[in-house]
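User: Could you take a close look at one part of this protein for me? I would like a connected walk through a single strand and its surroundings.

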Amino acid sequence: MNIDFISETALFRGCSKDDIEKMAEHFGFGTFQYKRGAVIFSEGSVTANLGLILSGSIRIEHNDFWGNKSILDVVEAGGIFAEAYACIPNEPMIIDVIANEDCEILFIGAAKLFEPCSVCKGQNRVMQNLVAICAQKNLQLSRRSLHTSPKTIRRLLLSYFSQQMSVQGSNQITIPFDRQQLADYLNLDRSALSKELGKMKKDGLIDYRKNHFEIKIYERFY
């Protein structure tokens with residue numbers, strides 16, 4: 001377990017390495033490795049543990065009765081997932097959590113976090129960080145709803161690119177999705193998405209190679 005890396009994550013920000021080692025012993029941290037494509041949690045499952053990604057990434061999906069897939073999020077190393085389910089006992093999941101690539105996950109029992117402990121001085125800090133992360137994720141879900149509200153594919157893409165430019169601070173952005181995953185995230189048909197990207201490139205609005213994009217015009221050109 002890489003204490004140096006864990007101390008730099010948003011969940012343990014402000015905790016000393018000694019505090020983390022004590023919490024690891026008290027809370028019974030457990031690490032597991034998953035191959036790309038492995039199912040970490042499936043819809044309907046119940047968990048008492050939240051996951052902290054030590055390496056790799058995971059994606060959160062929803063599949064409806066007819067097999068239509070929506071990608072809700074991709075969480076990179078240092079991020080957490082399943083925190084809401086871990087904090088609500090016996091709440092069945094309505095999503096699937098999939099290893100987006102080979103990854104290592106640290107699982108933390110949420111119930112232990114709420115139990116007062118005189119030894120774990122960093123416990124209150126972790127709880128404060130957890131609340132802040134949950135608030136940020138609520139904002140992220142709000143942003144996603146904005147991306148999927150425009151009426152045309154071009155507007156959907158521009159909304160998403162605009163948000164990514166704001167986050168990454170540049171008109172050259174790298175997104176965490178391949179074409180199919182981006183289509184699933186924006187609730188689009190892949191062929192229609194690819195066709196519109198081609199049109200936008202031909203119109204001189206964007207350039208791209210795989211998942212790296214350059215947005216060339218900033219004014220409202222749609």
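Here is the part I have in mind, followed by a reply. Which residues of strand β8 pair with its neighbours, and how buried is the strand?

Analyst: Happy to help! Please keep in mind that this is a predicted model. A little context will make the strand easier to place. The protein has eight helices and eleven strands, and 44% of its 222 residues count as buried. Its C-alpha atoms fill a box of roughly 60 × 40 × 30 Å along the principal axes. Among contacts between residues at least 6 apart in sequence, 68% join residues at least 24 apart.

Now to β8 itself, which covers residues 103-109. Six of its seven residues are buried, so the strand is largely enclosed by the rest of the structure. Buried here means under 20% relative accessible area.

Two of its pairings are worth following. With strand β1 (residues 30-34), β8 pairs in the antiparallel sense over five bridges. One point on that pairing is G30, whose bridge partner in β8 is F107. With strand β3 (residues 49-55), the pairing is again antiparallel, and six bridges join β3 to β8. Here L52 stands opposite L106 of β8. As a general reminder, side chains in a regular strand alternate between the two faces of the sheet.

If you trace the chain back from β1, you can look at helix α2, which spans residues 17-27. Its buried residues are D19, I20, M23, A24 and F27. Seen down the helix axis, these buried residues fall within an arc of 140°, so they line one face of α2. Just after the helix comes G28, with a positive phi of about 70°. Strand β1 then begins at residue 30, and G30 is the residue bridged to F107 in β8.

For a contrast with strand pairing, here is a helix pair elsewhere in the chain. Helix α6 (residues 153-168) packs against helix α8 (residues 190-202) at an angle of about 75°, with the axes 10 Å apart. That makes α6 roughly perpendicular to α8. On the α6 side, I153, R154, L157, L158 and F161 take part; they meet A192, L193, E196, L197, K199 and M200 of α8. By class, this contact has eight nonpolar and three charged residues, with no polar ones.

To come back to your question, β8 has F107 bridged to G30 and L106 opposite L52, and six of the seven residues in the strand are buried.

Conventions
Residues are numbered from 1 along each chain as its sequence is written. This is a predicted model: local features need pLDDT of at least 70, side-chain atom pairs count only at pLDDT 80 or more; totals for chains, interfaces and linings use all residues. Side-chain values use heavy atoms; hydrogens and water are left out. Buried means under 20% relative accessible area, exposed over 50%, partly exposed in between (1.4 Å probe, protein chains only). Helices (H or I, at least four residues) and strands (E, at least two) are DSSP runs, numbered from the N terminus. The arc is that of the directions from the helix axis to the C-beta atoms. Two strands pair if DSSP finds at least two bridges between them. Axes are lines fitted to C-alpha atoms, for helices over the stretch in contact, and angles run from 0 to 180 degrees between N-to-C directions. Angles under 35 degrees count as roughly parallel, over 145 as roughly antiparallel, 65 to 115 as roughly perpendicular and the rest as oblique. Contact means heavy atoms within 4.5 Å. Ala, Val, Leu, Ile, Met, Phe, Trp, Tyr, Cys and Pro count as nonpolar, Asp, Glu, Lys and Arg as charged, and the others, Gly among them, as polar.
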